[in-house]
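Q: I should like to learn how strand order and cysteine pairing are read from a model. Could we take the two topics in turn?

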Amino acid sequence: MLNPYIRGKGVPFVSGRPSAGVGEILEGLKSTPGIARNITHWHVVHEKLGKLVDFPSAISPELIRVLEARGIRKLYSHQAEAIASILAGKNVVVVTPAASGKTLCYDIPVVESVLHNDQARSLYLFPTKALSQDQYVGLYDITRALGRNIKVHTFDGDTPQSARRAIRSAGQIVVTNPDMLHTGILPHHTLWIKLFENLKYIVIDEVHHYRGVFGSHMANVLRRLKRICRFYNSKPVFICCSATIANPQELTEKLVEEPFSLFDSNGAPQGKKIFVFYNPPLVNRELGIRKSLKTETRRVATRFLAKDVQTIVFARSRLLVEILVTYLKRAVERLKKDPKRIRGYRGGYLPTERRAIEHGLRKGEVLGVVSTNALELGIDIGQLKVAILSGYPGTVASTWQQAGRAGRKADTSAAILIASSAPLDQYIINHPEYFFGASPEMGIVNPDNMPILASHIKCGAFELPFEDGEQFGTANPLPLLEYLEKEQVLRHTGGRWYWASEVYPAEEISLRSATVENFVILNTAEKNEVVGEVDYESAAFLIHEDAIYIHQSQTFFIERLDWDGRTAYANPVTVDYYTDAQAKTDIGVLTVDNTYRYGVDSVPGEKPEGAKSGYPLVSKNFGTVSVKTVVAKYKKIKFETHDNVGYGDIYIPELEMQTESYWLTFREDLKAELERAGGDLGSGLRALANLLSNVVPLFVMCDPRDFATVPMVRAPFDEHPAIYIYDKYPGGIGISRKLFTIDDQIMRAAKDMLDECRCAQGCPSCVGPALDIGDRGKESAGMLLEQILNP
């Protein structure tokens, strides 16, 4: 029987005519006691009829005939409304669910512009090469059917040199990604004169993806793009699409720095989707320890793979991808199936390997794929019928995107979210009303992050000299221009700032991380054949000497790491464990840019002036900090049981950066007060820091790995107890800045999370295990939150 405590509508699953195997297996989940009792929510997204309208009168009859031949006899209402606005010359952002036909919102006006004027040009920007290739195919099919020789081309790192000249001169619709725009198009704009002189439309898909570091870079790339367009006297219309977030229009306008019209009323039909929330069973209620996420994911996924239902499993990290691939290959082998039909997909694989996996998915040759969020974006892999999310992806938007990878061409599909013991996962799995309600998540960017801004001003000066008094978007570039002149990077003469260095600046800037310096992993058993790549920030954790590096379930022992040469030497081995690196962090305050003193300052919506004596907080603060990180040790974790079977030392150079931080300063005498009440300050701060780190992503659209939380019983800055939350990117990306204004909401959510957890002394689902935070950690965190929220 279905768990009687399942929240939600209580709508039974009615199979009707489900996709092959899916209905039967879902019924099996409900009838298996060992699984059904772990289902916390069973949500049915019912079939919905679409709202169809006629084509706008401005669309050419020949384009309408081509669309009708493809079965598109009318448009969905949101498509028609957005297209009419675009054709009227307005910037638009379309926010509707996956598979709702957003692509036609930009394909139709773009193709229409070329039909009217064969000199018109358009630029498509997708966040990944895989998505660019996928979207190119559909666009090419439309243009080919028109028989008008419209030249549609992808332009990325895989484009042959022999084709690039023709694309520059004759390409009417150029499909690319921000990285190629940044390094391959903008710096060489004189080779793209026809594109920039006649640029009619710029399409930016998956706008919600451009947040944090990537989004802050993207905003500056768009500043450079618009600057070059002005130079060539063109003013293109922007067509943007986004998943559902709290502030799609605000985020888009922050990225592009222009006004936009929002279209978010979905007129598309939708098939039935069953969304299941699954919470692994408790194995120790008092300690809050649940059955392993990895083993429960394998257990659920195997039920679908056993019935030959093509399934995608999303995992939160590269390491988890490889562990799950290993487990699922073993599982299907025991079922007498071909383990080669189970594949992994993540960054670090070579491009040829990724293309082969994508092809296998489309053809049905790959039965199961385990992926990071690399396959989250809108690639149409229509045979997939089930999406299993191993751990909460971090945002509501990403969860829906991953769930939408299944059922894009199916009548009925399933998405199953399997929670980890992490507090954020437990909050979501036990608060379906939060997930299925209106999204509270806000995408944030910080285009004026100083290191990012400086990097793109250098690129901009390389592309075109800056004029005296010229703005760079909304930023005043003069202080940076003057600094760069002192560094002999620029030369100021005749009212202009000219590039004066021999360096090619774009090549030194990665849009997706703090550095472009990836580490290469070589297989020493195969004459140093390249196995894969790891980004700079992850290298110390994944490929330190003696680490076990996993690639497509093959384990490699890292024999040597050449840090300066950015190369790791790996030898394939067969072992029964993997490694997990540990880090130690020190923080020093450099500047205090904003502060609020409780009981002294008065700000609307904040704690009232004259807060009661005994209030635990002295101030909340925002400023610049120096963060020093040492990755010093690693643990050996046994496969299957996940037992800790040993430690080792890591010898890696200290990593240092300057960034932005939000921090809370507590009273000096709080330690004695808590002890009198039976609490412990050190344990309470550790517990509260753990809580806050898991609550922040509920309100700020970021990855938990984009920031870090550090508690201190005696902070070096002012010798007060403190909790620091800092952005894990040089210069900051806006997370800490946002926290300064919404910390009251975050504290209340932390209190809710704490109160709802039934453990006695702390567990992975609230403040962390008692072994990590201390026996009095949970109680002490509760005392602090009670005093903060109810002074």
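Q: What is the order of the strands in the open sheet of 5 strands?
A: The model is a predicted one. Strand order lists neighbours across a sheet; here the order is β24-β23-β27-β26-β25, and the pairing is mixed.

Q: Why is one side of β24 and of β25 left without a neighbour in the sheet?
A: β24 (529–534) and β25 (548–551) stand at the edges; each has a single partner strand, so one side of each has no neighbour in the sheet. From one strand to the next, the twist averages 35 degrees.

Q: How many bridges join β23 to β24, and how do these strands run?
A: Strand β23 (residues 519–523) is joined to β24 by 5 bridges, and the two run antiparallel. One of the residue pairs is I521 with its bridge partner G532 in β24.

Q: Which strands does helix α13 touch as it packs on the sheet?
A: Helix α13 (residues 318–334) touches β24 and β25, and its direction makes about 65 degrees with that of β25.

Q: How many disulfides does the structure hold?
A: A disulfide is a covalent bond between the sulfur atoms of two cysteines. The structure holds 0 disulfides. For C240, the nearest cysteine sulfur is that of C241, 7.5 Å away. C240 is buried, with a relative accessible area of 0%.

Q: Why is C459 without a bond to the closest cysteine sulfur?
A: The closest cysteine sulfur, in C229, is 16 Å from the sulfur of C459, which is too far for a bond. C459 is buried, with a relative accessible area of 1%.

Notes
Residues are numbered from 1 along each chain as its sequence is written. This is a predicted model: local features need pLDDT of at least 70, side-chain atom pairs count only at pLDDT 80 or more; totals for chains, interfaces and linings use all residues. Side-chain values use heavy atoms; hydrogens and water are left out. Two strands pair if DSSP finds at least two bridges between them. Helices (H or I, at least four residues) and strands (E, at least two) are DSSP runs, numbered from the N terminus. Axes are lines fitted to C-alpha atoms, for helices over the stretch in contact, and angles run from 0 to 180 degrees between N-to-C directions. Contact means heavy atoms within 4.5 Å. A disulfide is a pair of cysteine sulfur atoms within 2.5 Å. Buried means under 20% relative accessible area, exposed over 50%, partly exposed in between (1.4 Å probe, protein chains only).
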